[in-house]
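I am keeping these notes as I look things up, one topic at a time. The terms are explained where they come up.

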Amino acid sequence: MLTDVEIAQSCEMEPIKDVAKRLGLSEDDLELYGKYKAKVSLETIQKVKDNPNGKLILVTAINPTPAGEGKTTTMIGLSQALNKMGKKSVVAMREPSLGPCFGIKGGAAGGGYAQVVPMEDINLHFTGDIHAITTANNLIAAMLDNSIQQGNPLDIDTRQIVWKRCVDLNDRALRHIVVGLGGKANGVPREDGFDISVASEVMAILCLATSLTDLKQRAARMIVAYNHAGEPVTVDDIHATGAVTLLLKDAIKPNLVQTLDHTPVFVHGGPFANIAHGCNSVMATDLAMKLGDYAITEAGFGADLGAEKFLDIKCRQANLKPDAVVLVATIRALKMHGGLNKKELDHEDLDALSKGVENLKKHIENIHKFGLPLVVAINAFPTDTQEELALLKKTCEEMGAQVAISEVWAKGADGGMELAEKLLNVLETKESHYHPIYELEAPIDAKIETIVKEIYGGDGVIFTKRAKNKLKKLTAQGLGNLPVCVAKTQYSLSDDASLLGRPTGFKVTVNDLIPNTGAGFIVAIAGSIMRMPGLPKVPAADHMDIDEDGKIVGLF
């Protein structure tokens with residue numbers, strides 16, 4: 001059996017200018033990065049802004065397990081199937097981070113015969129967007145420390161610096177560090193730390209910006225520290241706004257690539273959904289809607305994270321109204337949620353499936369709470385039995401959700417025909433009544449309570465002393481009307497990764513609240529979540545190599 005990278009290497013890509021032509025774009029609309037990658041110019045984005053919008057479909061999933069769900073693969077295969085049916089479908093997805101690529105999760109360009117290519121480029125440096133974000137983030141850090149070194153004219157309290165450095169790798173040794181050691185010439189000693197780049201607020205503002213001007217305004221108001229009077233110090237205060245925007249002038253332009261069968265794909269922006277807002281860029285989503293009749297996008301991890309943030313943050317800020325949701329699950333993953341060990345998943349177990357399906361049922365309920373119609377996509381595995389599929393289908397249909405078997409990993413577009421047909425039926429027969437789950441006017445703690453009770457199914461929230469102090473501080477600063485981005489484990493509906501399925505009777509502990517005033521939301525740090533992951537005992541990087549002919553092996 002071919003690996004994903006071998007399948008990708010065996011396909012014959014079209015020149016990207018030919019892919020663009022099918023979207024109505026000419027070579028003048030593109031900034032080419034070789035033959036198979038391009039950025040779309042800002043002028044082109046303005047040129048098409050008055051085009052009518054296509055249908056917007058969000059692809060999300062159950063809480064992830066080591067058994068795999070295949071959300072990105074399903075999204076890509078669905079778009080391929082729609083195009084094979086004669087529809088004009090465009091994908092808008094996130095850029096992979098190097099952290100999980102070299103760690104344990106692997107790449108994020110799909111799999112099997114539902115992939116985006118050139119897969120190796122997309123999973124590695126691509127067009128340099130994440131490097132630009134990393135550099136912009138670290139320029140802010142450097143200018144902040146330099147301001148303190150050069151007489152501290154802003155009276156910055158070094159105990160209240162909230163801006164961290166970042167790197168796009170899993171490097172646990174950088175979580176908590178001390179900088180400024182080695183004498184007066186090397187800066188002021190203080191505690192510091194690194195986040196992974198995709199958790200940086202710079203990534204968030206790039207993904208939520210609607211123009212270069214909007215990006216610049218968002219950068220200006222990012223808070224980096226507080227002075228001794230407790231007042232916020234911003235990027236604009238340290239005179240970094242112009243330089244940061246300059247570093248992002250190319251990164252803000254959406255990237256155009258293709259699937260194995262030449263379906264157009266915009267890959268742009270890459271925040272994680274467990275520690276950030278987990279959605280690709282607004283500009284890429286808008287382009288997909290303006291240039292296609294169906295824009296298929298995704299939000300990271302389970303629907304309790306990515307979909308909630310897509311619907312409560314991204315759609316609200318960008319004035320988007322999604323038309324439908326595709327919720328991805330696998331029999332194998334649901335059996336894990338029902339208590340089975342990963343080694344036992346190849347055998348039929350209707351009892352474990354019945355228990356695990358409660359996780360799927362909760363996500364279906366949640367999508368309905370947002371007023372959206374949905375289709376459940378069962379990502380098929382050879383070990384799935386007819387009895388298991390029948391049980392799952394009956395459960396979903398009892399909840400008013402259509403179900404389709406997806407075989408896009410093995411069959412590409414052909415394996416997504418049933419899903420595409422079910423989706424089209426839902427779009428034709430059911431209307432979207434999308435609305436966010438909470439009102440912005442609600443207090444910060446009330447918004448978090450709503451997410452915990454309505455989306456996670458918990459009993460309430462425990463705010464630590466630090467979080468309570470931050471609640472008072474942020475409210476006094478006039479930030480109480482911002483939406484909330486909860487950072488928590490992706491593996492459970494709760495903040496405890498070990499509570500699989502559909503846990504009840506739990507409370508979520510909020511340890512900290514971080515204002516992301518440029519992105520326009522408050523980050524609530526829940527449970528033991530960290531914004532700098534670590535490598536596993538045997539990282540994926542152990543098995544990667546490149547031969548003398550430049551052929552890559554071991555990459556996903």
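Before anything else I fixed the word contact, which here means heavy atoms within 4.5 Å of one another. I also noted that helices (H or I, at least four residues) and strands (E, at least two) are DSSP runs, numbered from the N terminus.

**Ground rules.** I am working with a predicted model, in which local features need pLDDT of at least 70 and side-chain atom pairs count only at pLDDT 80 or more, while totals for chains, interfaces and linings use all residues. Residues are numbered from 1 along each chain as its sequence is written, and side-chain values use heavy atoms, with hydrogens and water left out.

**Whole chain.** I looked up the secondary structure and found 19 helices and 25 strands in the protein chain. The C-alpha atoms fill a box of roughly 70 × 55 × 50 Å along the principal axes. I then checked the radius of gyration, which is taken over C-alpha atoms and compared with a globule rule of 2.2 Å times the number of residues to the power 0.38. For 556 residues a compact globule would come near 24 Å, and the protein chain has 23 Å, which agrees. Among contacts between residues at least 6 apart in sequence, 75% join residues at least 24 apart.

**Burial.** I take buried as under 20% relative accessible area, exposed as over 50% and partly exposed as in between, with a 1.4 Å probe and protein chains only. By that rule, 59% of the 556 residues count as buried.

**Nonpolar cores.** I use the term nonpolar core for a set of buried Ala, Val, Leu, Ile, Met, Phe, Trp, Tyr and Cys residues joined through side-chain atoms within 4.5 Å. The largest one has 133 residues, and those with the most contacts inside it include I140, L248 and L513. Its largest share, 8 residues, comes from helix α7 (residues 129-149). Apart from this core lies another, of 44 residues, among them M75, V91, V257 and V326. I followed L513 further and, not counting residues up to four places away in sequence, found that its contacts include I444, I448, L471 and I522.

**Helix α8.** Is this helix, residues 201-208, enclosed by the rest of the structure or open? I found that 8 of its 8 residues are buried, so α8 is largely enclosed. The buried residues include E201 as well as V202, M203 and L206. Their cover includes the helices α7, α9 (212-220), α11 (282-291) and α12 (303-318), together with the strands β22 (507-516) and β23 (521-526).

**Helix α11 and H268.** I turned next to α11, which is mostly covered, with 9 of its 10 residues buried; among them are T285 and K290. H268 is found in the loop between β15 (264-267) and α11, and H268 is buried with a relative accessible area of 0%. Although H268 and L206 are 62 residues apart in sequence, their C-alpha atoms are 9.4 Å apart in space.

**T74 and M93.** T74 sits in helix α4 (residues 71-84) and is buried, at a relative accessible area of 1%. Leaving aside neighbours within four places in sequence, I found T74 in contact with V328, A377, N379, S406, V408 and L419. M93 belongs to strand β4 (residues 89-93) and is buried, with a relative accessible area of 1%. I last noted that the C-alpha atoms of M93 and I133, 40 residues apart along the chain, are separated by 17 Å.
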